[in-house]
Amino acid sequence: MNIADYRREYTQSGLYAADLDPDPLRQFDRWFTQALKSDYPDANAMTLCTVSASGKPSSRIVLLKEFDSNGFVFFTNYSSAKARDIAENNQVSLLFPWLQVERQIEICGTAKKISESESAEYFHSRPEGSQLGAWASHQSHPIDSREQLMQKLTDVSTQFSGKEIPLPEFWGGYRVSPETIEFWQGRENRLHDRFEYRLKEDHWDLQRLQP
């Protein structure tokens with residue numbers, strides 16, 4: 001197979017300024033709800049891109065767990081590679097690749113830790129196995145074997161047996177406060193529809209971008 005010949009046309013829909021809400025967070029809610037209703041798997045999965053102090057970029061999939069007018073929230077280990085990048089450079093981007101409906105949303109902004117109480121509320125809403133997993137894994141750090149990781153899980157399961165599992169001090173959430181939000185709708189002949197909201201002081205400017 002010649003990968004250069006692999007292509008398809010995007011024909012499901014178009015996007016016009018008149019279709020868009022003046023508030024990009026309401027527009028995001030509209031598209032997110034549609035993605036959920038389309039049975040798109042893991043509709044809350046997003047690519048988080050970070051850049052270290054030395055300029056090294058890194059990308060990984062994380063899950064959106066909350067969004068409102070203040071931004072977009074995800075959770076992680078505070079000693080992970082992504083957290084170390086954010087500590088050095090809190091400018092990040094999020095990308096929702098809803099390719100089954102020929103849509104993408106890119107969000108660029110700053111990431112900051114949420115409060116401990118907010119993190120604790122979400123942590124205790126997770127299944128017990130996920131809570132124990134957060135304690136067992138020193139995320140992004142080397143380990144000799146899968147067996148060693150599972151032994152760590154056994155150890156913390158014994159430690160917290162019959163008790164409420166506390167929020168680890170090294171685990172919690174980040175909120176990405178958006179500065180730009182771009183909505184992308186695939187179109188024929190690669191002439192895609194792109195609209196970018198850009199925050200200007202206390203309001204959002206909207207402009208169409210060339211594909």
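The legends below describe close-up views of a predicted model.

**Figure 1. Overall fold of the predicted model.** The protein has five helices and nine strands. Along the sequence they follow the pattern α-β-β-β-β-α-β-β-α-α-α-β-β-β. The C-alpha trace spans about 60 × 50 × 40 Å along its principal axes. The protein has 211 residues, and 40% of them are buried.

**Figure 2. The largest pocket and its lining.** This pocket holds about 430 Å³ of space. Its lining consists of 16 residues. Phe 75, Thr 76, Arg 126, Gln 139 and Trp 171 lie nearest the pocket centre. Three elements give two or more residues each to the lining: β2 (57-63), β4 (71-77) and α4 (128-136). Sorted by class, the lining has seven nonpolar, six polar and three charged residues. Rolling a probe the size of a water molecule over the atoms shows where empty space is left.

**Figure 3. A nonpolar patch on the surface.** Met 1, Ile 3 and Tyr 6 make up the patch. Together they have about 500 Å² of accessible area. Met 1 belongs to the segment before α1 (24-37). Its relative accessible area is 84%, so Met 1 counts as exposed.

**Figure 4. The salt bridge between Arg 8 and Glu 102.** The closest N and O atoms of the two residues are 3.2 Å apart. Arg 8 lies in the segment before α1, and Glu 102 in the loop between β5 (91-98) and β6 (103-113). The pair therefore ties together parts that are 94 residues apart in sequence. The two partners fall into separate accessibility classes: Arg 8 is partly exposed, at 39% relative accessibility, whereas Glu 102 is buried, at 3%. Side chains of opposite charge can pair when their charged atoms come close. Across the protein, the count comes to 11 salt bridges.

**Figure 5. Backbone of Glu 102 in the loop between β5 and β6.** Glu 102 is not a glycine, yet has a positive phi of about 60°. With a relative accessible area of 3%, Glu 102 falls under the 20% cut-off, so the residue is buried. Glu 102 is also the partner of Arg 8 in the salt bridge of the previous view.

**Figure 6. The salt bridge between Arg 208 and Asp 193.** The side chains meet at 2.8 Å, N to O. Arg 208 sits in strand β9 (residues 203-209), and Asp 193 in strand β8 (residues 193-200). The pair thus ties together parts that are 15 residues apart in sequence. Arg 208 is partly exposed, with 43% relative accessibility. Asp 193 is buried, with 5%. Elsewhere, salt bridges that share partners join Asp 21, Asp 23, Arg 26 and Arg 30 into one network.

**Figure 7. The salt bridge between Asp 21 and Arg 26.** The side chains of Asp 21 and Arg 26 meet at 2.9 Å, N to O. Asp 21 is buried, with a relative accessible area of 13%. Arg 26 is partly exposed, at 49% relative accessibility. That value stays below the exposed class because exposed means over 50%.

**Figure 8. Backbone of Asn 189 in the loop between β7 (171-185) and β8.** Asn 189 is a residue other than glycine, and its phi is positive, near 60°. Asn 189 is exposed, with a relative accessible area of 57%.

**Figure 9. Gly 109 beside Glu 179.** These two residues are 70 residues apart in sequence. In space, their C-alpha atoms are 4.8 Å apart. Gly 109 is in strand β6. Its relative accessible area is 0%, so Gly 109 counts as buried.

How values were computed: Residues are numbered from 1 along each chain as its sequence is written. This is a predicted model: local features need pLDDT of at least 70, side-chain atom pairs count only at pLDDT 80 or more; totals for chains, interfaces and linings use all residues. Side-chain values use heavy atoms; hydrogens and water are left out. On a 1 Å grid over the protein atoms alone, a cavity is a set of points where a 1.4 Å probe fits but cannot get out, and a pocket is an open set with protein on both sides within 12 Å along at least five of seven lines; lining residues have an atom within 4 Å of a point. Grid points are joined across faces, edges and corners, and a volume is the space filled by probe spheres set on the points. Helices (H or I, at least four residues) and strands (E, at least two) are DSSP runs, numbered from the N terminus. Ala, Val, Leu, Ile, Met, Phe, Trp, Tyr, Cys and Pro count as nonpolar, Asp, Glu, Lys and Arg as charged, and the others, Gly among them, as polar. Patches are made of residues with over 30% relative accessible area and no salt bridge: like charges are joined within 9 Å, nonpolar side chains (Val, Leu, Ile, Met, Phe, Trp, Tyr) within 5 Å. Accessible areas come from the Shrake-Rupley method with a 1.4 Å probe; for residues, only the protein chains shown count as cover. A salt bridge is a side-chain nitrogen of Lys or Arg within 4 Å of a carboxyl oxygen of Asp or Glu. Buried means under 20% relative accessible area, exposed over 50%, partly exposed in between (1.4 Å probe, protein chains only).
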